[in-house]
Amino acid sequence: MAENHPEHPSATSFLLIALSLISTLAAVESNLFSRNLSPSSLGLKKREKLSHLHFYFHDVVTGKNVTAVRVAKAPTTTKSSPFGAVAVMDDPLTISPDIGSKLVGKAQGIYALASQTEASLLMAFNFAFVEGKYNGSNLSVLGRNPVFSAVREMPVIGGSGVFRFARGYAEARTHTFDLKTGNAVVEYNVYVFHY
């Protein structure tokens with residue numbers, strides 16, 4: 001048991017003050033990592049808007065001007081069992097199914113064949129827009145795309161520029177798919193809330 005030393009009260013006071021300062025400094029230091037902000041300090045005074053974007057995605061895997069290339073595959077990946085293949089894409093987004101129509105952006109990212117039993121992709125990419133008020137803004141999509149389903153939904157998990165704090169979903173429908181070449185045109189309807 002500790003002894004009480006009445007002749008050294010200043011030592012006890014000093015120890016208490018030192019401990020108090022250390023805990024205060026620790027609290028201040030932890031605030032350097034994070035802090036609470038007012039939404040208005042980031043320009044979030046306005047009400048959220050719901051936007052609908054409509055465009056066509058051109059995934060060209062063979063031919064003269066490819067827009068998606070395979071960068072990896074598993075040792076077991078074959079043409080009849082493509083599970084484990086990974087591709088990087090820089091696919092044009094246009095206003096109509098014609099690849100020569102007006103360019104509104106690019107779909108840039110990766111997709112991987114992630115199912116052993118069906119043609120289902122894991123997609124992680126950005127819609128990088130180059131048109132009008134959306135020029136320089138991006139939407140980020142991460143989700144499952146079972147490519148032979150008539151309609152596929154993938155979550156929009158964020159964005160930048162006009163689309164900061166975006167959330168919503170992208171709805172994909174295959175417009176054309178060439179079984180011989182693997183090239184595809186996909187219609188996208190994207191619905192996002194943003195400020």
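What follows is a short chat about salt bridges in a predicted model.

Colleague: How many salt bridges are there in this predicted model?
Modeller: The count comes to 5 salt bridges.

Colleague: Which residue does Asp90 pair with?
Modeller: Asp90 forms a salt bridge with Lys106, and the closest N and O atoms are 3.5 Å apart. Asp90 sits in strand 3 (residues 86–94) and Lys106 in strand 4 (residues 103–113), with the two positions 16 residues apart in numbering.

Colleague: Is Asp90 buried or exposed?
Modeller: Asp90 is partly exposed, at a relative accessible area of 32%. Lys106 is partly exposed too, at 25%.

Colleague: Moving to the loops, what does Lys102 bind to as a salt bridge?
Modeller: Lys102 pairs with Glu131, with the closest N and O atoms 3.1 Å apart. Lys102 is in the loop between strand 3 and strand 4, and Glu131 is in the loop between strand 5 (120–129) and strand 6 (138–146), so the pair ties together parts 29 residues apart in sequence.

Colleague: And how accessible are those two, in which class?
Modeller: Lys102 is partly exposed, with a relative accessible area of 45%. Glu131 is partly exposed, with 31%.

Colleague: What about Arg144, which partner does it have in a salt bridge?
Modeller: The partner is Glu118, and the closest N and O atoms are 2.5 Å apart. Arg144 lies in strand 6 and Glu118 in the loop between strand 4 and strand 5, so this pair joins parts 26 residues apart in sequence.

Colleague: Buried or exposed, for Arg144?
Modeller: Arg144 counts as partly exposed, at 48% relative accessibility; the cut-off for exposed is over 50%. Glu118 is partly exposed at 38%.

Methods. Residues are numbered from 1 along each chain as its sequence is written. This is a predicted model: local features need pLDDT of at least 70, side-chain atom pairs count only at pLDDT 80 or more; totals for chains, interfaces and linings use all residues. Side-chain values use heavy atoms; hydrogens and water are left out. A salt bridge is a side-chain nitrogen of Lys or Arg within 4 Å of a carboxyl oxygen of Asp or Glu. Helices (H or I, at least four residues) and strands (E, at least two) are DSSP runs, numbered from the N terminus. Buried means under 20% relative accessible area, exposed over 50%, partly exposed in between (1.4 Å probe, protein chains only).
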